[in-house]
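Welcome! Take a moment to look over the sequence and the 3D view before reading on.

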Amino acid sequence: MNEANLDLWEVFVRARRGLSHQHVGSLHAPDAEVALRRARDLYTRRGEGVSIWVVPSGAVSASDPGEKEPYFTPARDKDYRYPTYYELPREVRGL
Amino acid sequence: MTTLADPGTVSRFDALIAADERIEPRDEMPEAYRSTLIRQIAQHAHSEIIGMQPEGNWLTRAPSLRRKAILLAKVQDEAGHGLYLYAAAETLGVSRGELLDALHAGRQRYSSIFNYPTLTWADVGAIGWLVDGAAIVNQIPLTRCSYGPYARAMVRVCQEESFHQRQGYESLHTLAHGTESQRAMAQDAVDRWWWPSLMMFGPPDSASTHTSKSAAWKIKRHSNDELRQRFVDLCVPQAEVLGLGLPDPDLRWNEATGHYEYGEIDWSEFKAVLDGDGPCNRQRIERRTAAHRDGQWVREAAEAYRTKRTGAAR
């Protein structure tokens with residue numbers, strides 16, 4: 001029996017109010033409560049956060065990194081989705 | 001994570017490296033890249049947790065409550081650094097248990113600097129200034145290393161390491177400006193830690209077996225000798241401010257190169273310590289395996305607690 005048999009958790013920390021939680025790393029823990037306590041000790045020793053989320057690593061579904069091109073291209077070739085696509089009269093202001 | 005050696009895999013990996021993009025855990029990567037990283041990150045993680053021992057030696061004998069609180073925080077940081085790094089290694093498909101087994105069995109190494117003893121309180125200061133100082137010079141370029149999880153762990157480590165170096169320097173400065181015997185103790189510590197600190201950068205470029213491949217893969221961005229020179233250039237003026245000497249009669253400023261020249265490093269000592277003949281090699285591993293054994297009941301209790309909470313045994 002080994003620590004490595006314990007579940008792996010992904011840790012997210014909100015640095016301060018108004019910001020979203022950001023992934024900061026992972027750790028092993030037997031359950032969510034201990035995972036939270038360990039995350040506090042490991043990732044917020046210097047006031048790095050005001051809130052912590054822990055998520056079982058196995059619960060994360062991810063896109064395939066190899067699929068990068070076909071998977072993400074549609075957004076990129078629709079350049080009319082970007083404000084810079086549009087030509088406006090030079091004299092117009094506030095747009 | 002895939003480690004196929006087919007041409008498509010290699011070219012995609014090569015393209016990412018060439019574009020100075022980061023490789024992430026689920027990307028395809030050559031097996032040699034993966035094994036090189038596991039070896040390097042594991043050695044780094046092992047160094048962090050073995051490094052708790054020489055300083056932990058002084059926790060109960062720190063000269064004041066202030067110094068004791070500082071040292072406790074530093075040793076706790078080293079444990080944290082070890083955990084960041086083991087987590088980074090685990091993204092490469094190896095378990096922490098396997099890595100610890102490899103450390104305990106001597107199949108993986110840790111930095112040979114931690115095989116030197118901490119004989120006096122001044123050694124704690126000298127380690128902070130020189131050993132952590134050398135570690136920072138080594139680690140700053142690693143924050144731009146091609147493997148994402150390792151680079152991100154290094155960002156956190158470097159931020160925290162800065163406190164380690166400054167507390168050591170402050171402590172040494174206090175001793176160097178104290179009584180005659182305190183000054184002598186500080187000088188003695190610097191005399192003993194200077195050369196081993198220079199050895200922390202590894203063998204000279206002409207003899208390093210890992211540098212060229214790691215450079216091509218952008219794991220290592222500067223050579224051992226470049227980093228060693230950077231460290232010497234930083235330390236000489238800092239030693240002057242301390243009012244302490246560095247134990248090298250050949251140390252001199254070279255106007256033409258804009259760098260300090262330093263004397264010949266005793267690589268036979270480095271090799272002997274690396275091969276297990278340093279002053280504390282056996283003691284460090286014995287202490288580590290004993291700590292692991294003594295902590296077994298905690299791991300078992302955690303597992304039993306998990307089973308009780310979730311009702312699922314493994």
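This report walks through how two chains meet, then turns to some places within chain B.

## Where the chains meet

Please keep in mind that this is a predicted model. Let us begin with the contact between the two chains. Chain B brings 26 residues to it and chain A brings 25 residues. Together the chains bury about 2300 Å², and 50% of that area lies on carbon and sulfur atoms. Three arginines stand out on the chain B side: B:Arg26, B:Arg156 and B:Arg299 supply 22% of the area that chain B buries against chain A, more than any other three residues.

The rule finds eleven residue pairs in polar contact across this interface. On chain B, at least two residues of the touching side come from each of the helices α4 (65-90), α5 (96-104), α7 (148-176) and α13 (296-310). Which helix gives the most? That is α13(B), with eight residues. By kind, the residues on chain B's side divide into six nonpolar, five polar and 15 charged.

## Salt bridges, across and within

Seven salt bridges cross the interface of chain B and chain A. In one bridge, B:Arg309 pairs with A:Asp31, and their closest N and O atoms are 3.5 Å apart. Over all chains, the count comes to 27 salt bridges.

Within chain B, the side chains of B:Arg12 and B:Asp27 form a salt bridge at 3.8 Å, N to O. This pair links distant parts of the chain, with B:Arg12 in helix α1, B:Asp27 in the loop between α1 and α2, and their positions 15 residues apart in sequence. B:Arg12 counts as partly exposed because its relative accessible area is 27%, while B:Asp27, at 8%, is buried.

Another bridge, between B:Asp275 and B:Arg109, has an N to O distance of 3.7 Å. Here the partners are 166 residues apart: B:Asp275 sits in helix α11 (residues 267-277) and B:Arg109 in the loop between α5 and α6 (122-139). Both ends are partly exposed, B:Asp275 at 45% relative accessibility and B:Arg109 at 43%.

## A look at helix α2 of chain B

Helix α2 of chain B covers residues 31-50. At 1.5 Å a residue, its 20 residues should span 28 Å, and the end C-alpha atoms are indeed 28 Å apart, so expectation and model agree. This helix is mostly covered, with 14 of its 20 residues buried.

Inside α2, B:Arg34 forms a salt bridge with B:Glu31, with the closest N and O atoms 3.3 Å apart. The two residues lie three places apart, about one turn of the helix. An α-helix has 3.6 residues a turn, so residues three or four places apart point the same way. Is B:Arg34 buried or exposed? With a relative accessible area of 16%, B:Arg34 is buried, because the cut-off is under 20%. B:Glu31, in contrast, counts as partly exposed at 37%.

## Two loop residues

B:Ala19 lies in the loop between α1 (7-18) and α2 of chain B. Its relative accessible area is 52%, so B:Ala19 is exposed. B:Ala19 and B:Thr36 are 17 residues apart in sequence, and their C-alpha atoms are 21 Å apart in space.

B:His222 belongs to the loop between α9 (211-216) and α10 (224-242) of chain B. Its side chain makes a polar contact of 3.2 Å with that of B:Glu226. Leaving aside residues up to four places away in sequence, B:His222 touches B:Pro141, B:Arg144, B:Leu227 and B:Arg230.

Definitions and conventions: Residues numbered from 1 in each chain as written. Chains lettered and ligands numbered in written order. Predicted model: local features only at pLDDT ≥ 70, side-chain atom pairs only at ≥ 80, totals over all residues. Heavy atoms only, no water. Helix = DSSP H or I, 4+ residues; strand = E, 2+ residues; numbered from the N terminus. Expected span 1.5 Å × (residues − 1). Buried < 20%, exposed > 50% of the residue type's maximum accessible area, 1.4 Å probe, protein only. Polar contact = N/O pair within 3.5 Å; in protein donor to acceptor, adjacent residues only side chain to side chain. Contact = heavy atoms within 4.5 Å. Buried area = accessible area lost by both parts, 1.4 Å probe. Salt bridge = Lys/Arg side-chain N within 4 Å of Asp/Glu carboxyl O. Nonpolar A, V, L, I, M, F, W, Y, C, P; charged D, E, K, R; others polar.
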